[in-house]
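This report goes through selected features of one protein model. The sequence and structure come first.

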Amino acid sequence: MELFWILLFSSVYPPAWGQGVYAPANAQIVHSGEACNVKDDNISERIYTIKEGDTLVLQCIVKGHPRPQVRWTKTAGSASDKFQETSLFNETLRIEYIQRFQGGRYYCKADNGVGVAAIKSIRVDVQYLDKPVLTVHQTISDVRGSYYQEKTVFLRCTVNSNPPARFIWKRGSMLIEQSKDNGVDIYEPLYTQGETKVLKLKNLRPKDFADYTCQVSVRNVCNIEDKSVTFRLTNATSPPMIRLSVNDTVVVDPGQDVPLNCEVTAGFPLPTVVWSRYPRSLPLSAQVRGPMLILRAVTPADAGFYNCTAVNNVGNPARKNVNLVVRTMSNLTFQITPDSNKDSETIQMGRDLKLSCHVDATPQDKVNYTWYKNGAPVFNSDSLILLRSDPDMAPGTSSLEIVDMKFRDLATYSCVANFPGSRGLELRVDVNISQNSVSPPMLSVPPGGQVVSVREGGNVELVCLVVDGKPRPPILWSRAEKDLLMPSGRTMMETPDGRLRLKNVSRDMMGAYRCQTAPYNGLNIKRREAQVQLNVQYPPILDPVFQDARSRNYQMVILRCTITRSNPPRLTDIRWFRNGDLIRMPMPDLKETPELKFKLEPTNNGSYECRVSNTAGTSTCTFNVSAQPYNAEFYFDTPNPVRILKGNNYSFNLQWTQKDPEATDRIIGYWVNVRKNKQNVLSKQIDLKGKEPEKGVLISNTISDLKIPLAYEVRLAPITTYSTGDYISRIIQYSEPYTYPRPSDHVCGFEDDRICGFSQDRSDIFDWTRQNHLTQNPKRSANTGPETDRSGTKEGFYMYIEASRPRVQGDKARLLSPLFNVTSVRGPKGSGRVPYCVSFYYHMKGKHIGTLNVLLRVRSIASVDSVVWMKSGHQGPDWRKAFFDISPSGPFQIVFEGIRGPSFEGDIAIDDVSITLGKCKQQNTVASAVLIGGSHSLPLASWLTFGLSCVLSLLYR
């Protein structure tokens with residue numbers, strides 16, 4: 001009864017002040033998608049079973065104040081797995097066409113900053129059944145003979161499924177049973193991928209040459225139908241064999257067409273040929289014509305391993321691989337190495353000299369190098385030694401060694417790289433060797449270029465030049481710190497002219513850069529190095545960037561803007577602005593933290609900015625300074641906020657708390673706007689009458705004259721003497737208010753048009769109908785439905801579902817009882833739940849009767865339905881009584897769900913419903929069996945008279 005008085009006073013004396021406080025988040029996961037089954041395990045986890053391809057919908061229903069934020073995450077299936085990086089911030093998680101890999105444990109985390117966050121989980125089990133694969137095998141020792149005649153054969157059936165599948169083997173249309181056929185064995189092999197069953201045919205008999213069917217089933221779980229595969233076994237059955245038209249490795253030039261033919265040489269049934277490529281897919285230009293694969297105008301990107309697989313489900317698949325190599329050649333470089341034994345860096349007569357040539361090519365080992373001296377081919381001699389693959393150089397490098405150099409060796413040497421038999425792929429480099437054409441390089445950074453400054457976001461050029469040396473090598477750039485990468489993401493970058501150009505420079509690119517001569521395209525000697533320092537300038541970094549500063553009027557306010565970093569560190573200017581206008585004040589000390597002090601008044605509320613500058617730019621601290629009150633905080637966990645009024649109206653008990661009420665001027669009231677379709681239907685001011693809000697204490701106000709069952713948007717804003725706060729909004733919806741079970745002598749016979757507070761479910765297909773004998777349609781369906789109510793009187797009413805058109809099979813109608821509040825009643829000693837007795841009469845007459853379900857709907861954080869009673873099919877012409885006990889864990893409703901059967905003779909009716917405190921009393925035999933009403937029933941008084949006369953006759957016998 002306490003709840004009744006709270007609601008009464010809150011409507012008579014608005015606003016009322018309650019004892020609600022800030023509360024940590026609480027959460028519960030409910031489902032509203034296409035679940036096959038949802039059940040609890042023995043711990044705390046719920047298991048949600050769903051069919052692959054259906055839609056998964058999970059809702060995280062939360063309680064707590066302030067309203068918690070919800071985050072969904074998923075693990076791969078183990079509680080110890082880390083949360084995935086991706087997450088969804090929403091109360092509803094929806095996955096369309098769910099796939100098997102999306103099964104696992106889903107976590108809902110609700111947090112409102114009060115106490116510990118609430119985390120709930122549910123395991124999603126995705127059910128599926130793939131089409132089975134049937135393969136035929138024979139033991140290796142039997143291969144030498146005729147393949148499948150008078151030998152042992154194994155038919156292997158494999159399938160992927162969840163839950164595990166059940167296997168059925170058939171020969172033709174006859175079921176194969178191992179116990180009835182000595183010529184077969186059926187077993188499950190070890191170490192197989194997926195689920196597998198083997199049918200072993202021992203020493204083939206003539207009748208064993210037949211059609212074999214492997215049928216798999218998951219026992220119609222989630223309405224997944226059985227699947228099967230059939231194979232015809234004959235004495236000609238044989239595994240596939242193939243032959244390729246090319247060698248294992250094919251080397252071609254770019255632009256060529258490459259035909260690959262995979263010829264089937266054996267196999268019955270006729271094998272199917274499939275071409276694939278590893279590790280990538282087939283090129284878009286590839287053409288597959290049966291066993292032929294044609295690659296048009298190949299490019300280096302088309303290179304790789306191509307696989308031809310022939311399958312007929314007999315034995316193992318036949319496979320052949322082709323390695324396609326597309327010739328490429330690029331980046332031909334040279335090196336001049338003076339006599340390394342003499343530690344020389346110049347060309348000197350009488351000493352050795354090595355010329356090296358390297359090209360990046362595919363295939364690298366097929367490159368042919370040819371050396372020329374002044375245009376004439378070079379051959380091995382005492383003074384000129386050719387090394388096709390120089391062991392002292394990188395693999396694939398050719399060298400020409402000049403021994404004991406003479407004046408005759410001063411010449412122009414050429415290195416030509418090509419592929420034998422290739423057309424068009426050839427690169428050439430010329431090297432002039434003379435006393436004046438080769439000299440060591442000198443590296444220099446231009447004056448003023450050792451330190452380069454640039455503003456963040458700009459472009460910059462780092463310069464490191466070769467000022468002397470022939471030939472001049474390229475310059476390699478890298479970061480001086482080994483662990484840092486270049487802006488391109490690589491460890492090193494090559495520049496032909498020594499100029500490193502950087503765009504859109506950021507502060508993380510600041511630091512030392514090393515430049516050095518490359519060991520190629522020049523002298524192969526000790527590298528010359530230099531460094532350039534990049535200095536990235538950026539405006540001051542300030543804290544806070546934005547701050548909402550609230551205060552009471554006529555109090556001192558201090559705004560402080562802290563400088564955390566700055567490059568250059570020296571500041572050039574500090575200025576304060578209010579609403580964009582400069583605040584005239586003495587120039588602040590540039591070495592001190594900027595600070596502004598003033599007394600807040602109604603005239604100087606607004607946006608304050610502190611602009612701090614250096615030579616790189618200006619940054620801003622922004623303060624929203626106001627005596628405006630903070631937002632109110634709606635309370636969403638009000639118990640039973642709805643109260644039914646006259647005229648199909650209802651009232652709503654709106655509750656909220658005030659955030660930091662003492663931070664600003666005293667709050668004297670609130671504005672409340674109620675809107676429907678963005679149009680105001682109510683606007684009023686709530687006067688607090690001198691009582692100030694307290695932090696964490698609920699404020700209540702009753703909004704009346706709302707129309708059942710409409711929903712409304714409510715907007716709320718606090719009011720002070722000088723200002724009004726920002727509006728917050730929420731949606732309020734009509735829901736059935738709590739009530740309490742009536743005394744045990746109260747039975748609802750639906751005699752009043754308010755039907756005892758029962759209501760139609762607005763989410764079903766159609767409604768229950770209130771009717772008595774006098775209001776029956778004379779053209780109604782015969783042979784179904786009751787003639788009168790349970791008492792047998794023509795005036796008595798009952799509720800029923802009409803199965804005639806436009807109803808179709810499976811249509812549902814739900815009738816909801818009032819919402820019963822059980823929180824104020826305690827259960828028996830030792831029990832935390834209170835038992836209730838549900839009793840009613842039902843009438844199910846007709847050859848097309850569907851199903852009558854009674855569901856218990858318990859409301860805690862969310863509503864959860866469970867079937868507590870069910871009856872299907874024709875139950876005879878009379879009213880029958882049903883009664884059962886329930887022990888709900890919280891406020892509950894009883895739901896009568898009528899499901900239409902296959903045709904129109906399927907009316908279902910209920911009457912005389914009672915929900916009483918305590919367990920159902922033991923019903924006597926007569927009460928349980930007497931089914932009053934129907935076409936041949938007697939009135940209740942007649943039955944009672946008959947029973948009394950029987951008792952009296954026994955007493956006076």
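The text below covers disulfides, a small sheet, the nonpolar cores and one loop residue of this predicted model.

**Disulfides**

A search of the whole structure finds eight disulfides. Three of them are listed here.

| Pair | S to S distance | Torsion about the S-S bond and hand |
|---|---|---|
| Cys-60 and Cys-108 | 1.6 Å | -45 degrees, left-handed |
| Cys-561 and Cys-621 | 2.1 Å | 70 degrees, right-handed |
| Cys-748 and Cys-756 | 2.1 Å | about 95 degrees, right-handed |

The disulfide of Cys-60 and Cys-108 links distant parts of the chain: Cys-60 belongs to strand E5 and Cys-108 to strand E8 (residues 104-111), 48 residues apart. Cys-60 is buried at a relative accessible area of 0%, and Cys-108 is likewise buried at 0%.

Cys-561 and Cys-621 are both buried. Cys-561 sits in the loop between strand E46 (556-560) and strand E47 (562-567), while Cys-621 is in strand E52 (residues 617-626), so their bond ties together parts 60 residues apart in sequence.

In the third pair, Cys-748 is buried at 3% relative accessible area, whereas Cys-756 is partly exposed at 32%. Cys-610 takes part in no disulfide; the nearest cysteine sulfur belongs to Cys-561 and is 4.0 Å away. That distance does not meet the cut-off, because a disulfide requires sulfur atoms within 2.5 Å. Cys-610 is buried, at 0% relative accessibility.

**A three-stranded sheet**

Strand E5 also takes part in an open sheet of three strands, ordered E2-E5-E7 with antiparallel pairing. Strand E2 (23-31) and strand E7 (92-95) form the edges; each has a single partner strand, so one side of each lacks a neighbour in the sheet. The twist from one strand to the next averages 15 degrees. Seven antiparallel bridges pair E2 with E5 (residues 56-65), and Ala-23 stands opposite His-65 in E5.

**Nonpolar cores**

The largest nonpolar core has 34 residues, of which Phe-840, Phe-892 and Phe-896 touch the most other members. Several strands give two or more residues to this core, including E64 (797-801), E68 (851-859) and E72 (908-917). Strand E67 gives the most, with five residues. Beyond its sequence neighbours up to four places away, Phe-896 touches residues including Phe-758, Trp-768, Leu-815, Phe-840 and Ile-910. Another core, of 30 residues, lies apart from it and has Leu-332, Phe-334, Trp-371 and Ile-525 among its members.

**Ala-663**

Ala-663 is in the loop between strand E55 (649-658) and strand E56 (667-676). Ala-663 is partly exposed, at 26% relative accessibility. Leaving aside neighbours within four places in sequence, Ala-663 contacts Arg-550, Ser-551, Arg-552 and Tyr-630. The C-alpha atoms of Ala-663 and Ser-551 are 5.6 Å apart, although 112 residues separate the two in sequence.

Key. Residues are numbered from 1 along each chain as its sequence is written. This is a predicted model: local features need pLDDT of at least 70, side-chain atom pairs count only at pLDDT 80 or more; totals for chains, interfaces and linings use all residues. Side-chain values use heavy atoms; hydrogens and water are left out. Helices (H or I, at least four residues) and strands (E, at least two) are DSSP runs, numbered from the N terminus. Buried means under 20% relative accessible area, exposed over 50%, partly exposed in between (1.4 Å probe, protein chains only). Contact means heavy atoms within 4.5 Å. A nonpolar core is a set of buried Ala, Val, Leu, Ile, Met, Phe, Trp, Tyr and Cys residues joined through side-chain atoms within 4.5 Å. Two strands pair if DSSP finds at least two bridges between them. Axes are lines fitted to C-alpha atoms, for helices over the stretch in contact, and angles run from 0 to 180 degrees between N-to-C directions.
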